[in-house]
Structure formats: C-alpha cells, structure tokens
Amino acid sequence: MSYEIINSIPQFNFQINRILTYGNLACCREEVISHVAQVKTFEEWHTAWQKIAAKSEQERHYLHAAYYYRMAEFFLKSDMPEKNIAYKKCVENFYKAFDFELHLKYEKHRVPFMGKALHCLKFSPPNAIGTVLVCGGYDSFIEEFVLQVSEFVKQRYEIILFEGPGQGKSLQENLYFSYDFEKAASAVLDYFGIRRCAMVGISWGGYFALRSAAYDKRITAAAAYDVMDNGLEVMTNIFPEPIRSAIRLSHKYHWQGVLNKLVSIIRKKSILADWAISQGLHITGTKTPYEFFQSISFHNLALTTELLTQDILLLAGAEDHYIPRNQFYRLKSSIHNAKSLTCRLFTKAEGGEQHCQIGNHQLAINAISDWLACYFVQ
C-alpha cells in the first residue's frame, strides 16, 4: 500500500486517501475515485460524497456510508445546517456498522466533566492484558478511529476511546478545544478507576497524549501517533511565505489588528484558508483570528517534555504536510527523563511518509503494537 495522487488538490487528496487506506471495509475504491477524483470545489466535494453516502446507506453498507458522510461533512462550515445533518448521519451509520457489520462488543459511557460529559467507547476483550486510552486530534470524533483500534482489541488490550474538548459530541456541548487536555484524560481515568495505562494520541492527539502523560502519572506509557509539539507552528504552516512569517510575527508582538486584517485578506483570496480559519474559530470558541492563534499557541510542549518520565513512543511521516518534520527532531532531542524513548520516522519508500501514515497506516499500527507488547510485559 502507498499514498496515491487521485485529486490534484492536496487537501482533497489527503482526505480521499484517509478512506482508501482502510481498504474495502471502509469504501468501494472504484466508486470513490469515480465520484471525487475530479472535484474542484467544496460544493462539488460535498455533493459527490453525499451522493455515494446515501446510496451506500440505502444498500445497507453502513460502514461505507459512515465514512462517506464523514467526508461530506468535513469541509462544510459550522454554520451550515448540512454539516450537523451529515455528522448525525455519519455517527448513526457507524453504530449500525459496529452492530450489524462488524459485530463489535462495546460500551458507551458519558464521563462527567466540567458540568457536562465526555463521550467514551470502551472495548473489553476477555482476559485483557492491559488498558490503552486513545484520543483523536484537532476536530476528530472517536467513531472514525474504531477500525484502527479494533486491531488492538484483537490483541487483548482493553481500549477506551474518548473525545475531549473540541471534539465530536464534546463540541456539540460547547466544550471547546483546549491545551490542558490532561484534565479530560484524568476525568476518564477517574471514572473508570484506572491506576495504570498506556495512552495513544492520534494526529493532534500526539500532543494530547504527551501532555496528559506529563501531568498524570497513571499514564505510564504514551505514544504520539504522530508527533505534534507546537500548535501555532502547525496552524501557520498551512500558509505560504511570506504570509506565514507575517502572521507569526504579528502574534509574537500582539499586533491584533494587523493579524486580523492580514487573515481577512487571505480568507478572501483562498477558500481553503477561509475554511481552515472558520473551523479553527468554531472548535476553539474564539471570535477573531488573533484569539484563535492565541488559543492554539498554548498547545506547546516546550516546557512540558522534562516532565515525561514514562515509556514514550514518537511516530512521524517524513513528508507530513500538516506537521513540520522539525517537530519530530525537536521532540526527540528534548525528552531527557523518559524511562524509554522509541522514535520512528516513516519514509516514502515504505509508504508511511504521510500524516499518520495515511496510505499505509498498518505500518504505524504495527509499530504501536510492538511497542505496547514490550511495555505490557515489563
């Protein structure tokens, strides 16, 4: 398996590969390519995925429908009614797939948190050999990761998937994306009475897993799948130079008016930039671009890595277009007190060069499995 060039727009192409990487379970490859290879606009994107989602749902291919609705929802703005409709359809079809196609055994839980609740899924295989806490990233929801973690369940790990602030149902309850993710992780550990576990963070969740491990020592091993140590760097990396440097400089010197004006101009010229900023404002609950970048800037491990005393796994793709590769090397060189530090940079030759090894995600799953096996036999 490897990452494919199917659509000429990089952001579209990556999302298409996100589905294709799971193979026939998640999609009909020919159907996907025939409908989305040539789309050029958000409207065309939404229409194409919505069409094949409805078709799959009617044919009772629930897992296909779930992933297709996820794609239909992905690039819609939060103020569009269609976004919430697609989200609900997506989640509804995921559970139909879990029950009637995959025949999974799981428990749903709502963990009390800040007067509201965190949505959790617990998978408990017979004679479990250990507990693994799993979270997603920037604007994810847990149902889309079940296929990935189901492999860990087969290996007899108890898996607890949960959504923190800014993700899935938490966002629906106005719990906004926040840097101090350890509070959510600790609430989950308290709820289930867990005294020792590993934690795996997917995408931006790589930051969340390491941050949580730094402040809650019940997490005795943490895997960043993939690394992420500086949110401001990531969210400005999407812009070309010299815009990128101008935004970073404006943020550094608190030039709020300059930053907001600059982003306003960019949003008018690029629908992708407009969507990215709109989505960022939505999940962080902020009102202006400056407030958004200020919020995201707190997602930073610079002062946290010295607190990591556990077994740590760092994964990265050599050509990740979301996370700058220097973050892998920076984290690798700044973690000094870990019980053990395992680092893996996946290359194009092995098909794992993309973000979260999309194109050949099994590489990462295998690496995490090997690492967990070593950790749990200690």
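Let me begin with the second largest pocket, which holds about 390 Å³ of space, and I should say at once that we are looking at a predicted model. This pocket is lined by 19 residues, and those nearest its centre are Leu 104, Ser 150, Glu 151, Val 153 and Lys 154. Helix H6 gives the most to that lining, with six residues, and by class the lining divides into 10 nonpolar, five polar and four charged residues.

Helix H6 comes back when we turn to the enclosed spaces. The structure holds two cavities of 30 Å³ or more, and the second largest of them, with a volume of about 30 Å³, is lined by Val 134, Gln 148, Val 149, Phe 152, Val 200, Ile 202, Tyr 225 and Ile 365. The elements that give two or more residues to this lining are helix H6, residues 146-154, and strand S5, with H6 providing the largest share, three residues. In terms of class, the lining of this cavity has seven nonpolar residues, one polar residue and no charged ones.

The largest cavity, with about 40 Å³ of space, has a lining made of Asp 226, Val 227, Ala 316, Gly 317, Asp 320, Ile 323, Pro 324, Arg 325 and Phe 328, which divides into five nonpolar, one polar and three charged residues.

Now, where does strand S5 sit in the sheet? The sheet is open and has eight strands in the order S1-S2-S4-S3-S5-S6-S7-S8, with mixed pairing, so to speak of S5 is to speak of a strand placed between S3 and S6 in that order. The edge strands, each pairing on one side only, are S1, residues 107-113, and S8, residues 340-346, and the twist averages 20° from one strand to the next. Strand S5, residues 197-202, pairs with strand S6, residues 219-225, in the parallel sense over six bridges, and within that pairing Met 199 has Ala 222 of S6 as its bridge partner. Towards the other end of the order, helix H15, residues 326-334, lies across strand S7, residues 311-317, and S8, running at about 165° to S8.

Finally, the largest pocket, where about 910 Å³ of space lies. Its lining counts 41 residues, and Phe 14, Gln 15, Phe 74, Trp 275 and Tyr 322 lie nearest its centre. Four helices give two or more residues to that lining, namely H1 (10-20), H4 (62-74), H10 (231-236) and H13 (271-284), and by class the lining has 26 nonpolar, 11 polar and four charged residues.

Terms used:
Residues numbered from 1 in each chain as written. Predicted model: local features only at pLDDT ≥ 70, side-chain atom pairs only at ≥ 80, totals over all residues. Heavy atoms only, no water. Pairing = 2+ DSSP bridges. Axes fitted to C-alpha atoms, helices over the stretch in contact; angles between N-to-C directions. Contact = heavy atoms within 4.5 Å. 1 Å grid on protein atoms, 1.4 Å probe; cavity = no way out; pocket = protein on both sides within 12 Å on 5 of 7 lines; lining within 4 Å. Points joined across faces, edges and corners; volume = space filled by probe spheres on them. Nonpolar A, V, L, I, M, F, W, Y, C, P; charged D, E, K, R; others polar.
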